[in-house]
Amino acid sequence: MRSSVKGRGNVAATADDTAQHTHASPPHRGRRRPGPVAMVISFFGEMLITAGVLLGLFVVYSLWWTNVVADRAADRQADKVRDSWAHESDGGERDAPAVYDSKNGIGFLHVPTMSDDDILVEKGTSMKVLNDGVAGYYTDPVKATLPTSGKKGNFALAAHRDGHGAKFHGIHQIEKGDPIVFETKDTWFVYKVFGILPETSKFNVGVLAKVPEESGREKAGHYITLTTCTPIYTSKYRYIVWGELVRTEKVDENRTPPEELR
Amino acid sequence: MGLVPWYDGRDGMYSWIWRHLPGNGWVKALISLVLVTAVVYVLFQYVFPWAEPLLPFNDVTVDNQ
């Protein structure tokens with residue numbers, strides 16, 4: 001008797017459940033309420049999947065999307081600089097000293113062994129500047145000496161290793177003796193790499209000094225310093241490359257690059 | 001159906017969302033796609049740029065802080 005009632009109850013429930021769905025769905029697929037443990041586990045599992053997808057998306061964002069955005073910004077700003085150079089030349093003001101707008105880039109960095117890009121150089125090393133896919137010269141903690149000033153000192157630069165244009169991504173491909181060329185409106189500054197420090201503390205401000213002693217140089221000179229983070233994809237240490245001015249070349253009508261870039 | 005809490009059912013919140021989308025399978029799929037795109041947009045445009053400076057992956061300068 002009891003069992004038959006129970007059986008009928010079951011049948012009724014199944015029929016009800018089926019009615020809610022389409023008629024085609026088989027009765028055994030009817031929903032059953034899971035226990036609290038199953039519910040917690042299922043909730044936890046979905047959270048894990050969600051977290052995994054989020055982290056994956058963040059990787060896509062960091063290594064791909066920020067490059068897209070930064071390259072766009074860098075191209076726009078580089079065009080602006082090239083345009084203003086062209087206009088100043090057209091205006092017949094060739095003799096006037098170059099006026100540098102600190103908001104705009106001051107020139108382009110060419111490092112053929114690192115990348116084929118010309119890297120726009122702007123003032124400052126804040127994330128806001130560097131995230132536009134450019135290299136920045138230091139204003140803090142040590143003020144970089146601009147090559148255009150003609151003074152002896154250290155032209156210290158920083159750029160991203162990964163994401164945000166990743167302009168210094170290939171810094172490990174630079175070897176001693178390789179050229180680094182800095183292009184301004186009127187002059188090519190040709191540097192030669194003489195020192196590499198593949199790993200140093202991020203607090204090692206000495207590498208930016210006017211005479212960076214760790215590079216082996218002891219006298220004042222016209223130095224250039226590239227800094228970025230290392231190992232790739234992290235920010236644990238800093239990678240340093242030092243170069244020394246070899247010569248300068250006047251920019252001609254066609255902006256013919258110096259032989260190092262040809 | 002309207003009374004079941006979001007965590008009810010066999011398999012969690014995503015199937016709950018799926019069940020509450022209107023229309024047939026194709027419409028649901030289309031709406032899901034739009035929702036996913038919207039979420040990714042918000043993440044890339046607002047959430048990740050905000051989160052990034054808080055994470056130690058992108059410091060490239062040397063300094064004394």
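Student: Why does His164(A) count as buried?
Tutor: His164(A) has 26 C-beta neighbours inside 10 Å. The cut-off for buried is 20 or more. The count passes that cut-off, so His164(A) counts as buried. Keep in mind that this is a predicted model.

Student: Where does His164(A) lie?
Tutor: In the loop between β4 and β5 of chain A. Its phi is near 50°, a positive value in a residue other than glycine.

Student: Phi of Tyr233(A) is also given as a positive value. What makes Tyr233(A) buried, exposed or partly exposed?
Tutor: Count the neighbours again. Tyr233(A) has 14 C-beta neighbours inside 10 Å. Buried needs 20 or more, and exposed needs 12 or fewer. A count of 14 falls in between, so Tyr233(A) counts as partly exposed. Phi of Tyr233(A) is near 75°, and the residue sits in the loop between β7 and β8 of chain A.

Student: What else is found in the loop between β7 and β8 of chain A?
Tutor: Pro231(A) is found there. The peptide bond that leads from Thr230(A) to Pro231(A) is cis.

Student: What is the omega of that bond from Thr230(A) to Pro231(A)?
Tutor: Omega is near -10°. A cis bond also runs from Asp140(A) to Pro141(A), with omega near 5°. Pro141(A) has its place in the loop between β3 and β4 of chain A.

Student: How many helices and strands does chain A have?
Tutor: Three helices and eight strands. Starting at the N terminus, the order is α-α-β-β-α-β-β-β-β-β-β. Chain B has two helices and zero strands.

Student: What do the eight strands of chain A form?
Tutor: They close into a barrel. The order around it is β1-β2-β3-β4-β7-β8-β6-β5, and the pairing is mixed. From one strand to the next, the twist averages 30°.

Student: How do you know that β1(A) and β2(A) count as a pair?
Tutor: Count the bridges. Four bridges join β1 (residues 107-110) to β2 (residues 118-123) in chain A. A pair needs at least two bridges, so these strands pair. They run antiparallel. His110(A) stands opposite Asp118(A) in β2(A).

Student: Why do β1(A) and β5(A) count as paired?
Tutor: Three bridges join β1(A) to β5 (residues 179-183) of chain A. The need is for at least two, so β1(A) and β5(A) pair as well. These strands run antiparallel. In β5(A), Val181(A) is the bridge partner of His110(A). Glu183(A) is the partner of Phe108(A) there.

Student: What holds paired strands together in general?
Tutor: Strands of a sheet pair through backbone hydrogen bonds, parallel or antiparallel.

Student: Which residues touch the most other members of the largest nonpolar core?
Tutor: Val121(A), Ala135(A), Ala156(A), Leu157(A) and Ala159(A), in a core of 45 residues. Elements that each supply at least two residues include α2, β2, β3 and β4 of chain A. The most comes from β6(A), with five residues.

Student: What makes a residue such as Val121(A) eligible for this core?
Tutor: Members must be buried, must be of a listed nonpolar kind, and must be joined through C-beta atoms within 7 Å. Val is on that list. Val121(A) belongs to the core, so Val121(A) is buried.

Student: Which residues does Val121(A) touch, leaving out those up to four places away in sequence?
Tutor: Among them are Gly105(A), Ile106(A), Phe108(A), Leu109(A), Ala135(A), Tyr137(A) and Leu157(A).

Student: How many residues does each chain give to the contact between A and B?
Tutor: Chain A gives 32 residues and chain B gives 21. On the chain A side, α2, α3 and β7 each give two or more. The largest share there is nine residues, from α2(A). That side divides into 17 nonpolar, ten polar and five charged residues.

Student: What share of each chain is buried?
Tutor: In chain A, 30% of the 262 residues are buried. In chain B, the share is 9% of 65 residues.

Student: What confidence does the predictor give the complex?
Tutor: An ipTM of 0.80 and a pTM of 0.77. Chain B averages a pLDDT of 82, with 80% of its residues at 70 or above.

Conventions:
Residues are numbered from 1 along each chain as its sequence is written. Chains are lettered from A and ligands numbered from 1 in the order in which they are written. This is a predicted model: local features need pLDDT of at least 70, side-chain atom pairs count only at pLDDT 80 or more; totals for chains, interfaces and linings use all residues. Two residues are in contact if their C-beta atoms, placed from the backbone, lie within 7 Å. Ala, Val, Leu, Ile, Met, Phe, Trp, Tyr, Cys and Pro count as nonpolar, Asp, Glu, Lys and Arg as charged, and the others, Gly among them, as polar. Axes are lines fitted to C-alpha atoms, for helices over the stretch in contact, and angles run from 0 to 180 degrees between N-to-C directions. pLDDT is the predictor's confidence in each residue, from 0 to 100.
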